[in-house]
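Welcome, and please take a moment to look over the sequence and the fold before reading on. We will walk along the chain together and stop at a handful of places.

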Amino acid sequence: MPKNIINRFKGMPLLHFILLLSVGYLVISLLVIFIISANVKHKAIEDLSREDARQSAELIFQSLYSVMSDGWDKKEILTTIERLNKAAPKMDIMVYRGKPVVKEFGDIPGEAKIRNSDPLIRQALDNGKEILRTSDSNIRFIYPVIVSKKCTRCHEEATPGDVNGVIDIRYPIENLKVSLSLIINIMLGYFILIMALLFTGLFFKLKAFVVKPIIALATVMGEITHNADLSKRVKHGGWIREVHHLTDYFNRMLVTLQDFQYRLEELTVRDPLTGLYNRRKFEHFLDYEVDRATRHSRCFCLIMIDLDNFKHINDTYGHPIGDMALQKLSLLLKNETRKTDVIARLGGDEFAIILPETDFDRGLSFAEKLRHILMNSALELPDCKIRISGSFGVVSYPQNGDGVENLNIAMDVAMYKAKRSGKNCVAILEDNENGAEMEIFKKGESLRLALEEGRVTAFLQPIVGIPGSLFAYEVLARIDEQGKYITADEFIHAAEELGLTIELDSDVFKKGIAYLADHPSETTKLFFNLASRTLANQETIREMVAFARKMGISLNRIVFEITEREALPRISELSLLIDELHEFGIEFALDDFGSGFSSFLYLKYLAVDYVKIEGSFIRQIAVDRRDRIMVEHIASIANQFGIKTIAEMVEDEETSQLLQTYGINYAQGYYYGHPTPSKPIILQPKPQREEAFE
């Protein structure tokens with residue numbers, strides 16, 4: 001179809017299309033009806049006129065035969081024909097003699113001339129067959145009279161089968177008699193035919209113009225859904241405006257989705273600020289590089305960069321300037337590295353570089369080069385120039401690790417060493433450092449993963465009043481490793497070294513509070529061990545207080561434990577915190593009392609509510625007189641200060657009986673109960689008015 005016609009139809013509204021299609025098919029149907037009706041009319045006229053004329057001819061013949069059978073002459077024949085013409089004024093009846101009659105009885109004057117000049121009459125006389133001719137207004141029927149045996153009685157010269165003559169009947173078409181049933185049948189047939197044509201045409205046109213584009217659209221949708229391929233497009237939008245718009249907007253939507261997909265893919269692998277790869281993509285490249293280096297027995301280097309004091313830049317110049325500095329640094333790193341090197345921003349002010357096919361010495365040299373360039377470069381920013389230094393950690397495969405996990409830990413250890421060495425330096429791992437340092441980071445990574453996955457579990461060990469009633473629980477942290485619980489002794493040092501104690505204390509505190517909320521009938525207290533970093537972080541303490549209130553737990557059921565080692569460096573700040581939290585009902589316990597040289601000094605400056613006597617004094621109290629003297633004096637001094645005492649590591653009945661004689665208030669240990677996991681419960685906080693924590 002020509003393009004100008006397609007363009008003319010493209011964009012046509014569906015309503016207009018259906019209207020135009022209906023009108024078009026109506027016109028076509030009328031033309032078909034007209035053509036068919038003309039043919040049917042002609043055929044009907046022929047059939048009806050033949051039958052009608054034959055009947056008339058038979059009647060005329062019978063009339064003439066009755067006259068002839070009584071003995072007739074030419075005059076009587078002509079009179080009978082004239083009488084028949086008068087009886088049917090619109091019908092013209094003529095009778096012409098055939099050869100047998102002319103031979104036997106002679107011809108009628110003037111008839112031979114007419115007979116010879118009319119080819120139809122001659123044809124009927126010759127072959128003895130009926131002839132019907134119709135026009136728009138008249139019907140002519142020539143009926144041959146065939147000689148039968150009966151006729152030979154009068155026509156001795158004739159033989160059966162001869163044509164004795166013809167009857168020529170002419171009359172107008174309006175005289176044709178049509179039956180009502182025939183008319184109804186014809187009209188019904190026309191109607192059925194028209195409707196069939198109309199619906200057939202509409203079906204195929206709608207299928208071509210509406211259904212086909214929608215099927216194409218659905219096919220593309222199915223391919224996109226099955227193959228996740230947004231590059232597919234619907235090629236034909238159809239002639240109908242709505243269908244054309246549907247396919248056009250669908251293609252535009254695919255373009256938009258494809259753009260969004262590209263941006264989303266970029267966001268999943270790229271850092272939006274610097275355009276460098278993110279940590280997720282870096283891990284992917286590192287895994288690939290390990291496989292490649294292993295397969296080809298090659299080495300490569302990793303460089304980790306942590307900017308020194310970058311927080312000071314954000315605080316001094318603002319975060320927008322800090323972001324611009326990171327962007328400038330990213331450009332600097334790109335300019336100094338090879339195209340095959342992988343640069344990633346791991347987060348914040350941390351960057352990492354993979355140097356494929358680079359041995360350790362070249363990697364170390366390149367890290368020193370980067371450090372000097374960074375230290376001597378002034379980053380040009382809109383309002384100022386900023387100089388930045390960085391701490392660099394360099395590790396090599398397979399020297400410092402034979403897998404992704406070990407290499408990541410090695411990088412953390414090297415960076416930790418660089419930070420401890422005074423920053424603005426390049427640190428590497430010595431052979432004797434690999435074991436102990438990496439073990440700390442392995443445990444730290446295990447703890448971090450357990451916190452992320454919710455595998456840190458709160459265990460509860462009972463604290464009982466002497467002689468034996470339940471008073472409280474000490475909440476202890478455990479890590480669930482496939483059903484096996486790892487005690488805090490295995491990971492607490494790594495948590496302290498890597499700064500995970502705040503997150504660990506917060507997680508254990510929330511799970512302990514959840515236990516109290518799930519057991520509203522209990523009146524027991526909970527003792528929580530807090531690290532010095534947690535106690536120093538007022539925001540974390542505020543969050544703990546707020547969480548307990550939201551869960552509907554009275555604050556006087558909470559006891560924070562501090563150790564002598566934690567209290568010594570910041571005794572004055574800790575004294576203020578204890579006084580502040582006492583106003584809310586929170587109590588404090590001094591843990592491992594007696595383990596340090598200044599234990600009794602803390603009782604003077606810290607208003608604690610409990611002292612937990614070091615377990616090494618309790619365990620041998622039944623057999624060691626010196627331990628009994630120490631415990632007796634600690635209990636006496638604590639009672640005089642109004643401080644309650646708790647004996648740790650009570651493991652037998654004899655020890656429990658001795659503690660009663662020394663005036664110890666509470667005790668805990670395996671004799672009273674082993675630590676057991678608290679039931680993991682998800683609770684909705686109870687609405688409660690919060691008081692400001694100043």
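Let us begin with a glycine: G98 sits in the loop that links strand β1 (92–97) to helix α4 (99–105). Keep in mind, here and throughout, that you are looking at a predicted model. Is G98 buried or exposed? Its relative accessibility is 3%, and because buried means under 20%, G98 counts as buried. If we set aside neighbours within four places in sequence, G98 is in contact with L125, V163, N164 and G165. V145 lies 47 residues from G98 along the chain, yet the C-alpha atoms of the two are separated by 8.8 Å.

With one residue in view, step back to the whole protein. Its secondary structure comes to 24 helices and 21 strands. The protein has 694 residues, and 43% of them count as buried. How much of the contact network joins residues at least 24 apart? Among contacts between residues at least 6 apart in sequence, the share is 66%.

Now move along to helix α9 (residues 279–296), which packs with α13 at an angle of about 120 degrees, the two axes being 10 Å apart. That angle is why α9 is described as oblique to α13. The crossing of α9 past α13 is right-handed. On the α9 side, the residues that meet α13 are F282, E283, L286, D287 and V290. On the α13 side, their partners are V404, L407, N408 and M411. Sorted by character, the residues of this contact are six nonpolar, one polar and two charged.

A shorter helix, α10 (residues 310–317), makes a good place to look at two faces. Which residues of α10 are buried? They are F310, I313 and N314. These residues cover an arc of only 95 degrees around the axis, and therefore they lie on the same side of α10. A general point about helices helps here: an α-helix has 3.6 residues a turn, so residues three or four places apart point the same way. Turn the model around and you will find the exposed residues K311, H312 and D315 on the face of α10 that looks away from its buried side. What do the buried residues of α10 pack against? Their partners are β5 (300–307), α11 and β9 (385–387). Just after α10 comes G318, with a positive phi of about 100 degrees.

From there, carry on to helix α11 (residues 319–336), which packs with helix α12 (residues 360–376). The angle between α11 and α12 is about 140 degrees, and their axes are 12 Å apart. The two helices are therefore oblique to each other. Their crossing is right-handed. From α11, the contact uses L329, L332, L333 and E336, while α12 supplies F366, K369, L370, I373 and L374. Seven of the contact residues are nonpolar, none is polar and two are charged.

Next come some backbone details that are easy to pass over. As background, most residues other than glycine have a negative phi, and most peptide bonds are trans. Look first at E357, in the loop between β7 (350–355) and α12. E357 has a positive phi of about 50 degrees although it is not a glycine. With a relative accessible area of 41%, E357 is partly exposed.

Another residue to find is Q482, in the loop between β13 (469–481) and β14 (484–487). Q482 is not a glycine either, and its phi is positive at about 55 degrees. Is Q482 buried or exposed? At 84% relative accessibility, Q482 counts as exposed.

The peptide bond to look at is the one from Y397 to P398, which is cis, with omega near 5 degrees. P398 belongs to the loop between β10 (390–397) and α13 (404–420), so following the chain onward from this loop brings you to α13, the helix met earlier with α9.

Our last stop is S656, placed in helix α24 (residues 653–661). S656 is buried, and its relative accessible area is 7%. Which residues does S656 touch, not counting those up to four places away in sequence? They are V650, Y671 and Y672.

Methods
Residues numbered from 1 in each chain as written. Predicted model: local features only at pLDDT ≥ 70, side-chain atom pairs only at ≥ 80, totals over all residues. Heavy atoms only, no water. Axes fitted to C-alpha atoms, helices over the stretch in contact; angles between N-to-C directions. Helix = DSSP H or I, 4+ residues; strand = E, 2+ residues; numbered from the N terminus. Parallel < 35°, antiparallel > 145°, perpendicular 65-115°, else oblique. Left-handed = near helix turned anticlockwise from the far one by under 90°. Contact = heavy atoms within 4.5 Å. Nonpolar A, V, L, I, M, F, W, Y, C, P; charged D, E, K, R; others polar. Buried < 20%, exposed > 50% of the residue type's maximum accessible area, 1.4 Å probe, protein only. Arc of directions from axis to C-beta.
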